[in-house]
Amino acid sequence: MQNTTLPKTHALLPLLEAVVNGIQAIDARYGDDVERGSLRVRIRREPQDALDLSPAAPGRVPLKPIIGFSVEDNGVGFTPDNMASFETLDSDFKAGLGCRGVGRLLWLKAFDRVEVRSAYCDDDGSLQGRQFKFSVTREVEQDAAPEGITDAGSVVSLTGFKQTYQQSAAKTVEAIAREVFEHCIWYFLRPGGAPDVIVSDDDGDSISLRELLDDSGYSETTRATIDIKGEKFDLLGLRLKSSVRNSSPRLHWCAANRVVKDESIAGKVPGLYGRLRDEASTEFTYVCYLSSKFLDDHVRSDRTDFDLPERVPGETLIDEPSLDDIRKGVFAEIARSLAEPLASAQQAGRERMHQYISTKAPKYRPLINRIESLGLAIDPSIKDQDLELELHRCSQKIEADVLAEGQAVFAESDGDRPEGYEERLAKYLETVKEFNQSDLANYVFRRRTTLDILDKLIQADDDGKYAREESIHELLFPMRKESAEVGADASNLWILDERLVFHDFLASDKPFKTISITDDDSMKRPDVLTTRVIEPDSPVLTAEGKKLPLQSIVVVELKRPMRDDAAEGKNPIEQCLDYVARVRAGVAKTATGRPIPSADDPPAFCYIIADLTPTMVSRCKLSGLTMTHDGMGYFGFIEPYKAYIEVMSFDRLVNAATERNRAFFDKLGLPSS
């Protein structure tokens, strides 16, 4: 018992062993006429007052906990030979059937005790009875022979389902029946078929495994034998056309007509993912059952896995196939037997990848031929985020290969160049060009996406409310950050003016008092301050160049969309002019710490991003500004401050940024509006 293991993931394996024993007993009694046999699995549950408190689906009553099972068959029964085998550890009585004589030990790993009631025919044909119990503490205890027996057969009762395994096991009749079916499907597909197997519940629900086989809708089976390192393996492939529980294609590893383990093979064969379509466009799920005498000989005693290495290093002398060797052979045969459905799935995957690249990831367009050359097969139903990860992984592999090739090419550039060097160099440079095109496409696509986000931010939501200044601020530049803390790609100041991308120092939404380049004790918070600056209710200052004196000053003021409070004290035009005056008064320094001298010469350019609400229009007119030709802004020159003022609505901001980038968007086939 101590050397017998039973993982919680195989909680029903003891029951499955009992079912297989019952089928084998029926085989022993009826031979080729096995369909005369019958086997019933009964699920035993706690009385009504003990309910399973785990969450149930809405409208369904919680299931009562399972306390055990009984397996009833009309097989040959516990004959004296069978009984002697049962009482012998590691018996080889049924070794020809792949049995290891340890199934009864699995029973006691998951159940407290086992009770057996059986009848069999002795040598003279008379019916004999037998009854006994089996437990860890008392081992085998013989009871009085049962009375009233009328036919051969056995009832094996597994009682006292241990909590650890009970919680991990399937709960419903349907789930348990399907697990029994999948474990024993070999018997249903062999010549002669299987006995009638019924799984039922105390509440009266029952499921026939033959009906499950019919409902699975398999209309085609493929059989093949392959050779792997001198060992023969038999494959039985099924096309299940019903909506099965698990739509993932699976490989079932069998030993001695039992399923030992199964695994998903989705994606392991190009084009094999979920459901496929046959020549008649009917959907099906593919499952494969693998069997071999080699697997029979290497199955573990607990029948949960095989004593085989995952893979064998090339330098070893071991000539037996590893699990990896077996998989490769099986996958090659599956690819051959499903050639047409897989070809259709692969084409659908290519179309999915091309559609995603064309509409959402144009950066991969220059690399698409190289990505496809890697043999990447895409699940047509893959999510965008998963597809992006796959494409990124391929791109990284290509880039790593290019770097390695570049090192090799440049190493050969000195001295006598080998034959074919020029062609190799040209091929390398072509790949580098493709990566440069990919980087540019990615940069342009990011700009298109950023403008789409800004366009959504300036629209009213379902409640008629607009985004706050902070949301737009974060899009333009992260708040409460300095340029040293933020990568170049985090700034989208190009939306306002391409020149704002290049700055000497930048601080976002930090009080003047805490900014190292100012000598101002004010707690006002410019959105961005530098030799270029921005903010929602405080301005943005920028200056061209690093050398003094300043060539120009740029101030940007940002307001909430449709904000209509540009009254006294909140006039953005006055705020911008006040900030220009503060810079000219010499209270700011350059990023290198040099004071900006007081000067009236540098011209100032003030940009105010605000919708043209009534109060904003009023302030523009009072300042003597002129409406733009499209009616979406105002501009003018304020002589006392030597400042150029431009007020633009958010729509004008988005339109202008889109127009500046239109040529790039059109080149990538992206929408310009």
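Serine 118 sits in strand 3, which runs over residues 111-121. The model shown here is predicted. This report starts at that serine, then moves outward to the rest of the protein.

**Serine 118**

Is serine 118 buried or exposed? Its relative accessibility is 2%, so serine 118 counts as buried, since the limit for that label is under 20%. Leaving aside neighbours within four places in sequence, serine 118 is in contact with Gly77, Phe78, Gln128, Gly129, Arg130, Pro146, Gly153 and Ser154. One of these, arginine 130, is 12 residues away in sequence. In space, the two C-alpha atoms are 5.2 Å apart.

The side chain of serine 118 also has backbone partners. A polar atom of that side chain lies 2.8 Å from the backbone nitrogen of phenylalanine 78. A polar atom of the serine 118 side chain also lies 3.0 Å from the backbone oxygen of glycine 153.

**Aspartate 201**

Aspartate 201 belongs to strand 7, residues 196-201. With a relative accessibility of 9%, aspartate 201 falls under the 20% limit and therefore counts as buried. Which side chain does aspartate 201 join through a polar contact of 2.8 Å? The partner is the side chain of arginine 45. Not counting residues up to four places away in sequence, aspartate 201 touches Ile43, Arg45 and Val173.

Here are the polar contacts described so far, together with one from helix 14.

| First partner | Second partner | Distance |
|---|---|---|
| Serine 118, side chain | Phenylalanine 78, backbone nitrogen | 2.8 Å |
| Serine 118, side chain | Glycine 153, backbone oxygen | 3.0 Å |
| Aspartate 201, side chain | Arginine 45, side chain | 2.8 Å |
| Asparagine 571, side-chain oxygen | Isoleucine 573, backbone nitrogen | 3.0 Å |

**Helix 14**

Helix 14 covers residues 572-584. How far apart should its ends be? Its 13 residues, at 1.5 Å a residue, should span 18 Å. The end C-alpha atoms are 19 Å apart, which agrees. Asparagine 571 caps the N-terminal end of this helix.

The buried residues of helix 14 are Pro572, Ile573, Cys576, Leu577, Tyr579, Val580, Val583 and Arg584. They cover an arc of only 160° around the axis, so they lie on the same side of helix 14.

**Nonpolar cores**

The largest nonpolar core holds 60 residues. Val19, Phe69, Phe161 and Ile176 have the most contacts inside it. Helix 5, residues 173-189, gives the largest share of this core, with 10 residues. Another core lies apart from it and has 29 residues, among them Phe284, Cys288, Leu290 and Leu338.

What does phenylalanine 161 touch? Beyond four places in sequence, its partners are Ala11, Leu12, Ile66, Ile67, Gly68, Phe69, Ala110, Phe111, Gln166 and Ala169.

**Cysteines**

How many disulfides does the structure hold? The count is zero. Two cysteines show contrasting surroundings. Cysteine 121 has a relative accessible area of 46%, so it is partly exposed, between the 20% and 50% limits. Cysteine 394 has a relative accessible area of 3%, so it is buried, under the 20% limit.

**The whole protein**

The protein has 16 helices and 23 strands. Of its 673 residues, 47% are buried. Now take the contacts between residues at least 6 apart in sequence. Among these, 62% join residues at least 24 apart.

Methods:
Residues numbered from 1 in each chain as written. Predicted model: local features only at pLDDT ≥ 70, side-chain atom pairs only at ≥ 80, totals over all residues. Heavy atoms only, no water. Core = buried A, V, L, I, M, F, W, Y, C linked by side-chain atoms within 4.5 Å. Buried < 20%, exposed > 50% of the residue type's maximum accessible area, 1.4 Å probe, protein only. Helix = DSSP H or I, 4+ residues; strand = E, 2+ residues; numbered from the N terminus. Contact = heavy atoms within 4.5 Å. Disulfide = S-S within 2.5 Å. Expected span 1.5 Å × (residues − 1). Arc of directions from axis to C-beta. Polar contact = N/O pair within 3.5 Å; in protein donor to acceptor, adjacent residues only side chain to side chain.
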